[in-house]
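I opened this entry to record what I looked up, starting with the overall make-up and then turning to the aromatic rings.

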Amino acid sequence: MSKHFFDYDNGDFAHPISHNMAIDYDGDFLMRIGDHMAMDMDSGELHMISGWTSDEDDD
């Protein structure tokens, strides 16, 4: 898991807390959709992100 990634849609950084969930610095939860896309769990909006690679990608 990467240490953190940038959310281009809200201009905030987020930190992965599991394989498919992250939390940003405002306390919002994001669910991983792909390496460069996440869904805001409060609004359901899709967000473009700098990169969130999975552990399987590192093998």
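My notes follow, from the whole chain down to single ring pairs.

Entry 1, the model. I am working from a predicted model.

Entry 2, secondary structure. I looked up the elements and found six strands and zero helices in the chain. From the N terminus on, I read the order as β-β-β-β-β-β.

Entry 3, burial and surface. The chain has 59 residues, and I find 31% of them buried. I get an exposed area of about 3,700 Å², with 54% of it supplied by carbon and sulfur atoms.

Entry 4, contacts. I took the contacts between residues at least 6 apart in sequence; 28% of these join residues at least 24 apart.

Entry 5, aromatic pairs. I find three aromatic pairs in the structure. One of them is Phe5 with Trp52, at 4.8 Å centre to centre and 20 degrees between the planes, and I log this pair as stacked. Phe5 sits in strand β1 (residues 5–7) and Trp52 in the segment after β6 (46–48), so the pair ties together parts that are 47 residues apart in sequence. I checked both for burial: Phe5 is buried, and so is Trp52.

Entry 6, Phe6 and Phe13. I have their ring centres 5.0 Å apart and their planes at 65 degrees, so I log the pair as edge-to-face. Phe6 has 24% relative accessibility and counts as partly exposed. Phe13, with a relative accessible area of 35%, is partly exposed too.

Entry 7, cluster. I find Phe6, Phe13 and Tyr8 in one aromatic cluster.

How values were computed
Residues are numbered from 1 along each chain as its sequence is written. This is a predicted model: local features need pLDDT of at least 70, side-chain atom pairs count only at pLDDT 80 or more; totals for chains, interfaces and linings use all residues. Side-chain values use heavy atoms; hydrogens and water are left out. Helices (H or I, at least four residues) and strands (E, at least two) are DSSP runs, numbered from the N terminus. Buried means under 20% relative accessible area, exposed over 50%, partly exposed in between (1.4 Å probe, protein chains only). Contact means heavy atoms within 4.5 Å. Accessible areas come from the Shrake-Rupley method with a 1.4 Å probe; for residues, only the protein chains shown count as cover. Rings of Phe, Tyr and Trp (its six-membered ring) pair if their centres lie within 6.5 Å; planes under 30 degrees apart count as stacked, over 60 as edge-to-face and the rest as tilted.
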